[in-house]
Protein chains: 2
Amino acid sequence: MHEWQYSERARKLTSSAIREILKVTERPEVISFAGGLPSPATFPVEQMRAAAERVLTDTPQAALQYSATEGFAPLREWVARRYSRDGLALSPDNVLITTGSQQGLDLIGKIFIDEGSRVLVEAPSYLGALQSFSLFSPVYVPVPTDVHGLLPDALTPELVSGARFLYAMPNFQNPTGRRLPMARREALAALARRDGLVIIEDDPYGELDYEGQRLPSIMSLAPERVLYMGSFSKVLAPGLRLGFIIAPPAVIAKLVQAKQAADLHTPSLTQRIAYEVVRDGFLDTHIPSIRTLYAAQAQAMLAALEKHMPAGTTWTTPAGGMFIWLTLPAGIDTMQLLEKAIEQNVAFVPGAPFYVGTPQANTLRLSFVTVPPEKIEAGVGRLGALVAQTLERRAA
Amino acid sequence: MHEWQYSERARKLTSSAIREILKVTERPEVISFAGGLPSPATFPVEQMRAAAERVLTDTPQAALQYSATEGFAPLREWVARRYSRDGLALSPDNVLITTGSQQGLDLIGKIFIDEGSRVLVEAPSYLGALQSFSLFSPVYVPVPTDVHGLLPDALTPELVSGARFLYAMPNFQNPTGRRLPMARREALAALARRDGLVIIEDDPYGELDYEGQRLPSIMSLAPERVLYMGSFSKVLAPGLRLGFIIAPPAVIAKLVQAKQAADLHTPSLTQRIAYEVVRDGFLDTHIPSIRTLYAAQAQAMLAALEKHMPAGTTWTTPAGGMFIWLTLPAGIDTMQLLEKAIEQNVAFVPGAPFYVGTPQANTLRLSFVTVPPEKIEAGVGRLGALVAQTLERRAA
């Protein structure tokens, strides 16, 4: 093709840092903390097999035929029931099933972003969201954060006015693992109600709350202004590519039209299998088992960091989710560090790609869910030694 | 939400005519020729059940985990092998698995269309493609057709120059059922090679060739300039949402990046199930059985049209696919006719929405694959009577 035949957005497309890193880390000798892959030990294989058998025995033709863009009606009802809490009363009209949560981001980009639209994002923010939104050429406005996450006070009227939306991940954020405190959720909801700010509340990890102290969603505090995104990837299996958006029906109607053009509908088969698995309360026993596993993995990594990281390195202590965020001593560039780490057969994701503004170059993300504890210890050991060497070399 | 918070494309979104019609025709008493649903009698239910069982027994964790954006490697290889014919030698690097062919349209729109880009389409053209492309605000240029389909001679240098691509469906086109003759395929390929025209060759129905006289693809004549789109929806089952794009590796690379932002990857489970079903030559016996069924359905509808349609009505005689295109006597507006047809419990899709320029208002599309032959006879009978009445009323 000639270059001019591509769209401007295609000409700007570059392969993501995470993606390139994941390619390298497929070598078995690499201990990779880079991936965001849920532990396959948590996949309910027996339940999935039984569900697939039932669906393809009881309703094969419906499971293999075209179906409604909105999603499988019983699955929408299930989502509506499950999230009718904290004072919210949802109906299936509030729910759109998406082909993974990632598709939700694409559809939201489509219906809200024009070229040059201002979009508010946390600094740092989820890379996959930035990639999706970027195809529609917004102007990102980074919102400052502290150790507890996004700072609502930073959302001045000038920042909010004219912004298409704020994109935020309040629970165990990717990449930082931070959870937004209740008072800040209330402050954001108040802004949404008072100033009309639209909030995209992305919540793939909310169920992975190790201490069982769930905080109410921002949606429950300002349902008219919030699009809430959920996912089956972390509580069931990511290979199904099943997510959902909860929003006011008028917004769902717009999203449905965008989804119709995007893939007509999410596969009938996977929706019905997932529904068969979750319909009778399976998640009530399954999710606690994931929490127990991941909490132990998090503990293993926190202990290893405590043991191996040189002074001057700090990290988050997540109460859920999959990630720990490290801040190394100032002056260490984690993009450069990664090259050396790969040589030592250990991998992470540098912090820079998660920033839309000036990156904090001495940060990095570690996932603690894919690698077993004994390898966590070994991998963090290598990483700690590498950081120590880098500091010594700079001192010399 | 405030109206200004939506993107311009969202403000322009309107529900499709086909979609609204399908809602009405869900009433069981309606004989609907409107849908493009494959006959569920053709779904290989036993094979799908056995395949799901094997996949979830042999490789459950891989089938439930995140996987490569490009698609399941053995399925890409299978596609590459199957389409290495007519002189083409494809590799898996030429193949991207998509979440239905519809997603292929969205990705192509993303990487080729800027606001105002000129896009050439047949008059009439596939509505689902127009809906997808329209989200990226192209300027459509309709290309005239005759009874054999698109007229290559109409593609003047002025029309071709600066156009991002030509979108065409050469086999049993939706909505007309026409197949493009070999000489015209060669003429289009020559234009592509000589003038750099990019051609999107959409081919969901190519395998449904009743007489087994397949014509070479345009891709096989100009592989460097063609993106070929295929689908498992019409030969296996649409509820899987599985399609693919074959293109030069550099184009695949762009599409992969767009797909990563769109849904990360097509579900691992459905890809592996489909591969299990097709890997050992199942389609070699399955597709002929679909052809036989659909050929009989087509014959039933052609016979019914012959019997019931008043003089002055003409229609296409498709050699494959799912659709017949009717041209009623001049002056009959099929959008108005549809309202009366629904009252008579028979449905079709009016021709107008398939045109990007001035519509031919006396055309309509009939699908012959979903409704059994006895109902085809009854439905076409009602439709013929309605057209006759309309003509009488106009004469009176």
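Strand β12 (residues 323-327) of chain A runs antiparallel to strand β15 (residues 363-367) of chain A, and 5 bridges join the two. The model is a predicted one. Chain A can be laid on chain B with an RMSD of 0.0 Å. The points below cover two sheets, two helix pairs and the relation between the copies.

**Four-stranded sheet, chain A**

- The β12-β15 pair of chain A belongs to an open sheet of 4 strands, ordered β11-β12-β15-β14, with antiparallel pairing.
- β11 (314-315) and β14 (349-350) of chain A each have a single partner strand, so these edge strands have one side without a neighbour in the sheet.
- Within the β12-β15 pairing, T327(A) has T363(A) in β15(A) as its bridge partner.
- Helix α13 (residues 282-308) of chain A lies across β11, β12 and β15 of chain A. The helix α13 of chain A runs at about 15 degrees to β12(A).

**Seven-stranded sheet, chain B**

- An open sheet in chain B is formed by 7 strands in the order β2-β10-β9-β8-β7-β3-β4, and its pairing is mixed.
- The edges are held by β2 (95-98) and β4 (139-143) of chain B, each of which pairs on one side only.
- On average, neighbouring strands of this sheet are turned by 20 degrees against each other, direction ignored.
- Strand β3 (residues 118-122) of chain B runs parallel to β4(B), and 5 bridges join them. In this pairing, V119(B) has Y140(B) in β4(B) as its bridge partner.
- Helix α7 (residues 127-134) of chain B packs on the sheet and touches β3, β4 and β7 (163-168) of chain B. The direction of α7 of chain B makes about 155 degrees with that of β4(B).

**Helix pair α3 and α12, chain A**

- Two packed helices are described by the angle between their axes and by the distance between those axes.
- Helix α3 (residues 45-58) of chain A packs with helix α12 (residues 268-278) of chain A at an angle of about 120 degrees, and their axes are 8 Å apart.
- Oblique angles include those over 115 degrees and up to 145, and α3(A) and α12(A) are therefore oblique to each other.
- The crossing of α3(A) past α12(A) is right-handed.
- On the α3(A) side, the contact is made by Q47(A), M48(A), A51(A), A52(A), R54(A), V55(A) and L56(A). On the α12(A) side, L269(A), R272(A), I273(A), E276(A) and V277(A) take part.
- By class, the contact of α3(A) with α12(A) has 8 nonpolar, 1 polar and 3 charged residues.

**Helix pair α14 and α15, chain B**

- Helix α14 (residues 334-343) of chain B and helix α15 (residues 373-395) of chain B have axes 11 Å apart and pack at an angle of about 125 degrees.
- α14(B) and α15(B) are therefore oblique to each other.
- α14(B) passes α15(B) in a right-handed crossing.
- The contact involves L337(B), K340(B) and A341(B) of α14(B), together with L386(B), V387(B), T390(B) and R393(B) of α15(B).
- Sorted by class, the contact of α14(B) with α15(B) has 4 nonpolar, 1 polar and 2 charged residues.

**Relation between the copies**

- Two copies of a chain are related by a rotation about an axis and a shift along it.
- Laying chain A on chain B takes a turn of 180 degrees and a shift of 0.0 Å along the axis. The two copies are thus related as by a two-fold rotation axis.
- The copies meet through the same surface, because 100% of the interface residues of chain A are also interface residues in chain B.

Note on methods: Residues are numbered from 1 along each chain as its sequence is written. Chains are lettered from A and ligands numbered from 1 in the order in which they are written. This is a predicted model: local features need pLDDT of at least 70, side-chain atom pairs count only at pLDDT 80 or more; totals for chains, interfaces and linings use all residues. Side-chain values use heavy atoms; hydrogens and water are left out. Axes are lines fitted to C-alpha atoms, for helices over the stretch in contact, and angles run from 0 to 180 degrees between N-to-C directions. Angles under 35 degrees count as roughly parallel, over 145 as roughly antiparallel, 65 to 115 as roughly perpendicular and the rest as oblique. A crossing is left-handed if the near helix is turned anticlockwise from the far one by less than a right angle, and right-handed if clockwise. Contact means heavy atoms within 4.5 Å. Ala, Val, Leu, Ile, Met, Phe, Trp, Tyr, Cys and Pro count as nonpolar, Asp, Glu, Lys and Arg as charged, and the others, Gly among them, as polar. Copies are superposed by least squares on the C-alpha atoms of residues with pLDDT of at least 70 in both. Two strands pair if DSSP finds at least two bridges between them.
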